[in-house]
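The following exercises concern the protein shown below. Each task is followed by a solution worked step by step.

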Amino acid sequence: MTILILIPGRDCRDLAAALKKNDPTLDIRIWPNDGEQADIDYIISWNHPAGELHNYPNLKVVASFGAGVDHIFNDPALPENITITRLVDDCLARQMSDYVLGAILNHRLRLTEYREYQGAGVWSPKESRTGNHVCLLGLGNIGQEVTHSLTAQNFKVSGWSQNPKNIKGVTSFQGDDELAKAISDADYIVCLLPLTPQTENILDKTFFARAKKGAYLINVGRGGHLNEDDLLDAIYNEQISGACLDVFRTEPLPDAHPFWRHPKIYITPHSASLTNIEQAALQLIENHRKMQNNQPLSNQVDRTQGY
Ligand code: GLV
């Protein structure tokens, strides 16, 4: 009955303390100091090394330390008989809503352009951009929260997802057949999708060719959604007016990567929505209790869908 925190490269003492605060009786270990491996039945993971989970013969649950679970499915040796959960919380969704709204307003009001003019001592007022239609790819709990904040700001909002969704004030499209229709009229395209084999490389040259000329891309999903060379071409050809990117194929973004210095690409360091330790601890403990009581866990991941 032991929890193992398996998050390589992170000092996890704060997470261990937050878990303990909720339940001082817990036995919590931090990888690689995992002690007797047979004790461990619940693992909190972010980017665990492939194959590592097989060291724990009594493992029942792997809980993602974030909303995404692609890092768990990346493990080709993922044990079959374990339950996988992810974090779903209002705090993550609210941060994402703020980020997306900020990215749209930054582009619309040309704030980054003016910052560059400031550096060069240039006084050059310009009209704000008028585009008002935002299309969200991905309408899960985070996507839905983003739609609410955008409709409240009078944006025209549409959304695309694999399965049908009925959200007040949002025109919804679904399935591969409707992707082109979903994006064809959007001034802003926001990718909030989970990364699965079906969505990998979805933002490629075919996608950009189907977008409205001059659309602006915001990628807060995963780097694997984006074909980076195709984006550079689409910006060069002015099919896409620019992009705000929070996630990358390789993180941290390598020093020589052309995105760093591209005048029409705005980057942030995978910081759009950061897991809050206290909120996460509450959910992780709650699910741990449910596991101990043989109750169904919250926010279980569907292994066939990959999210
Ligand atoms: C962050 O990217 C997350 O999946 O929570």
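**Exercise 1. Locate N154 and N294, and state what their backbone and exposure have in common with the definitions used.**

Solution. N154 sits in the loop between α5 (141-152) and β7 (156-161); helices (H or I, at least four residues) and strands (E, at least two) are DSSP runs, numbered from the N terminus. The phi angle of N154 is near 70°, a positive value in a residue other than glycine. With a relative accessible area of 62%, N154 is exposed, where buried means under 20% relative accessible area, exposed over 50%, and partly exposed in between (1.4 Å probe, protein chains only). N294 belongs to the segment after α9 (277-292). Its phi is near 55°, again positive in a residue other than glycine, and N294 is exposed at a relative accessible area of 73%.

The model is predicted: local features need pLDDT of at least 70, side-chain atom pairs count only at pLDDT 80 or more, and totals for chains, interfaces and linings use all residues. Residues are numbered from 1 along each chain as its sequence is written, and side-chain values use heavy atoms, with hydrogens and water left out.

**Exercise 2. Describe the overall dimensions and surface of the protein.**

Solution. Begin with the secondary structure: the protein has nine helices and 12 strands. Next, consider the radius of gyration, taken over C-alpha atoms, for which the globule rule is 2.2 Å times the number of residues to the power 0.38. For 307 residues a compact globule would have a value near 19 Å, and the 21 Å of the protein agrees with this. Along the principal axes, the C-alpha atoms fill a box of roughly 65 × 45 × 35 Å. Of the 307 residues, 49% count as buried. Finally, the exposed area is about 15,200 Å², of which carbon and sulfur atoms supply 49%; accessible areas come from the Shrake-Rupley method with a 1.4 Å probe, and for residues only the protein chains shown count as cover.

**Exercise 3. Classify the ring pair formed by Y188 and Y216.**

Solution. A pair of aromatic rings is described by the distance of the centres and the angle of the planes. Rings of Phe, Tyr and Trp (its six-membered ring) pair if their centres lie within 6.5 Å; planes under 30 degrees apart count as stacked, over 60 as edge-to-face and the rest as tilted. A search of the whole structure finds four aromatic pairs. In the pair of Y188 and Y216, the centres are 6.0 Å apart and the planes stand at 70°, so the pair is edge-to-face. The pair links distant parts of the chain, since Y188 is in strand β9 (residues 188-191) and Y216 is in strand β10 (residues 215-219), 28 residues apart. Both Y188 and Y216 are buried.

**Exercise 4. Which residues are joined by the cis peptide bonds with omega about 10° and about -5°?**

Solution. The cis bond with omega about 10° joins W31 and P32. P32 lies in the loop between β2 (27-30) and β3 (40-45). The cis bond with omega about -5° joins E251 and P252, and P252 is found in the loop between β11 (240-245) and β12 (265-267).

**Exercise 5. Is G9 buried or exposed?**

Solution. First place the residue: G9 lies in the loop between β1 (2-6) and α1 (13-22). At 89% relative accessibility, G9 counts as exposed. The C-alpha atoms of G9 and Y42, 33 residues apart along the chain, are separated by 20 Å.
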